[in-house]
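Here's a short walk through one protein model, taken piece by piece. Keep the 3D view open and find each residue as it comes up.

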Amino acid sequence: MQKCNPKIVFKDYSPNQILLLPPTLEEMIKPDHPVRVVNQVIDNLDIDPLIKNYQGGGCSSYHPRLMLKILVYGYLTNQYSSRKIEQAVTQSIHFMWLSAMSYPDHNTINRFRSERLKGVLKEVFSQVVLLLVEQGIITLKEAYLDGTKIEANANRYTFVWGRSISKSKERIKKQLDELWTYAESVAREELENNEPEGFDKIDPESIERTIISINKALKGKPVDKKVKQKLNYAKKNWPENLRKYEQQERILGNRNSYSKTDPDATFMRMKDDHMLNGQLKPGYNWQISTENQCILGYTIHQTTNDTTTLKTHMESLKESLGKMPDTLVADAGYGSEENYEYLENNDVEAFVKYQYFHKELSKKWREDPYRTDNLQYDENDDSYTCPMGQKINFIGEKIRISDNGFRQVNRLYQVQDCKGCSVREICNKSKYNKRIEVNPRLNHYKSIIRERLTSERGRKYRSQRPVDVEAVFGIIKGNRNYRKFLLRGLEKVEIEVGLLSLAHNLAKIASKN
Ligand code: SF4
């Protein structure tokens, strides 16, 4: 019997069919879609601070809620550039719904992001953090602090180094000194009443005056051709170069480097160095504190070192949330006398590791008789005793001033004579008598912190820290693929991390819902 082919059936496809009652965009969005959270939360924010950034007059503007919604939703869906958001507003029903079928172009989106949000985004962000508290997602009692370096939108090869400026100035100083010595050898009398103000002061005006004096003195004298050439070069270039160096030093401030394409960006070593060549790149240090993987606060820094960022970050938290967390958990990058003292003064319980915390717990470390920590201290005569029974006496203090201006006092002790000691090879590698440096204040804090960190609570915080704060950076850099800033300048970069943080928290609310 012949087998008959089954009938092929297609679903109805009539693209040109007109609906009598077309569905609204709202109907087409799933009830639990994250875009609904973005819409609902931003609808309930107080945007008065943002409205203050509008001057009024001229053409009507797109509503700031609309603009904030599409920007935040862009950051939530890995669409960071204004052109991509402009495109999304015309193509994606989620963006169309948020913008109520308005189509702001990329210039408008960019202007809103870099001008209207300037100085006010943190206020808006803190309202979302307080909403998280209201919903019981966070308590603001504990905070996990960490930082990451993100590459700036700047050319990697247009750098200015503080060290090379000082070297160039030193070179000019040395060469000017040589020119003056030569001029003295040829025309001592003419220069007698014309002594320069001192070669220590290297500024364009004094250099100009000194070169004029040398030229005047050498006029009409038989002068070496090379010296003549050097003098001409110096007259033409040195004052101008020094003016340029002065301006560069002003931009540098306390930093060692900056990029000419984004002068606020500092050259730093990035963790995710795919080329593995250790190349320094222009970037910013982004610090966040989190609780339950929600961002409580963010700050942007131009220093590579995390230690000096803690104070500014905590002050920023206090300003935006009205209080500091009761407990702060952070890694050894933040453990310093300055930070421990600051946290103590602000009633924040520190679970902040210090350098060598883990090594210190090992048997090898604890039983090493040559380590300063294991030497016996005698309070009566303020001295230590070395493993061979010699006294290590106090010889003076060493003061260190941190970048934040904190004064750290280290006490120095030295043995009188290490000559002929049988264990010298192991104990003292220096050619002088053994010298140790002790910071009693830091040691006091370290003993408190050690006890906290090894307690049950401390162990819990230590294992929670990577899951809480490091995971957030993992989500933003890995899942959201955010690895380079789009905007230039400290203020604008801060807006970008604000938008990222806001989007991250809204995604958290959406996932909890
Ligand atoms: S090397 Fe000096 S400090 Fe070390 S054990 Fe010998 S005497 Fe003492």
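Start with Lys-236, which is found in helix α12 (residues 225-252). Remember that you're looking at a predicted model. Is Lys-236 buried or exposed? Lys-236 has 11 C-beta neighbours inside 10 Å, so it counts as exposed. Now jump along the chain to Ile-436: Lys-236 and Ile-436 are 200 residues apart in sequence, and their C-alpha atoms are 53 Å apart in space.

**A strand with partners**

Next up is strand β5, which covers residues 280-291. In this strand, 11 of the 12 residues are buried, so β5 is largely enclosed by the rest of the structure. Which strands does β5 pair with? Here they are, side by side.

| Strand paired with β5 | Sense | Bridges |
|---|---|---|
| β1 (residues 142-151) | antiparallel | 8 bridges |
| β4 (residues 266-269) | antiparallel | 4 bridges |
| β6 (residues 294-301) | antiparallel | 7 bridges |

You can pick out a pair of facing residues for each of these partners. Asp-146 has Ile-288 in β5 as its bridge partner. Arg-269 stands opposite Leu-280 in β5. Thr-290, in turn, stands opposite Ile-295 in β6. β5 and β6 also form a hairpin with 2 residues between the strands, and there Asn-292 takes a positive phi near 55 degrees.

**Two helices, each with a buried side**

Helix α13 runs over residues 310-321, which makes 12 residues. From its first C-alpha to its last, α13 reaches 16 Å, close to the 16 Å expected at 1.5 Å a residue. Which residues of α13 are buried? Look for Leu-310, His-313, Met-314 and Leu-317. Seen down the axis of α13, the buried residues fall within an arc of 95 degrees, so they line one face of the helix. And what covers them? The cover includes β1, β5, β6 and α14, so to speak a link back to the strand we just visited. Right after α13 comes Gly-322, whose phi is positive, near 85 degrees.

Now try the same with helix α18 (residues 440-454). Its 15 residues should span 21 Å at 1.5 Å a residue, and the end C-alpha atoms are 21 Å apart, which agrees. The buried residues in α18 are Tyr-445, Lys-446 and Leu-453. They cover an arc of only 105 degrees around the axis, which puts them on the same side of α18. Turn the helix to its other side and you'll find Pro-440, His-444, Ser-447 and Glu-451, which are exposed. Among the elements that cover the buried residues of α18 are α14 (337-345), β8 (349-352), α15 (357-360) and α19 (456-479).

**Two loops with a positive phi**

Asp-347 lies in the loop between α14 and β8. Its phi is near 55 degrees, a positive value in a residue other than glycine. Asp-347 counts as exposed because it has 8 C-beta neighbours inside 10 Å, and the cut-off for exposed is 12 or fewer.

The loop between β9 (376-378) and β10 holds Asp-382. Asp-382 isn't a glycine, but it has a positive phi of about 45 degrees. With 11 C-beta neighbours inside 10 Å, Asp-382 counts as exposed too.

**Into β10**

Strand β10 (residues 383-385) is where Thr-385 is found. How exposed is Thr-385? Thr-385 is partly exposed, because 14 other C-beta atoms lie within 10 Å. Leaving out residues up to four places away in sequence, Thr-385 touches Leu-375, Gln-376, Asp-378, Lys-391 and Ile-392. Tyr-354 is 31 residues from Thr-385 along the chain, and their C-alpha atoms are separated by 25 Å.

**Around the ligand**

Last stop: the ligand. Which residues surround the ligand? Cys-386, Pro-387, Met-388 and Gln-390 are among them, as are Val-415, Cys-418, Cys-421 and Val-423. Arg-424, Cys-427, Asn-428 and Lys-434 also belong to the residues surrounding the ligand. Sorted by class, this shell has 8 nonpolar, 2 polar and 2 charged residues.

Notes. Residues numbered from 1 in each chain as written. Predicted model: local features only at pLDDT ≥ 70, side-chain atom pairs only at ≥ 80, totals over all residues. Buried ≥ 20, exposed ≤ 12 C-beta atoms within 10 Å, placed from the backbone. Contact = placed C-beta atoms within 7 Å. Expected span 1.5 Å × (residues − 1). Arc of directions from axis to C-beta. Pairing = 2+ DSSP bridges. Near = placed C-beta within 6 Å. Nonpolar A, V, L, I, M, F, W, Y, C, P; charged D, E, K, R; others polar.
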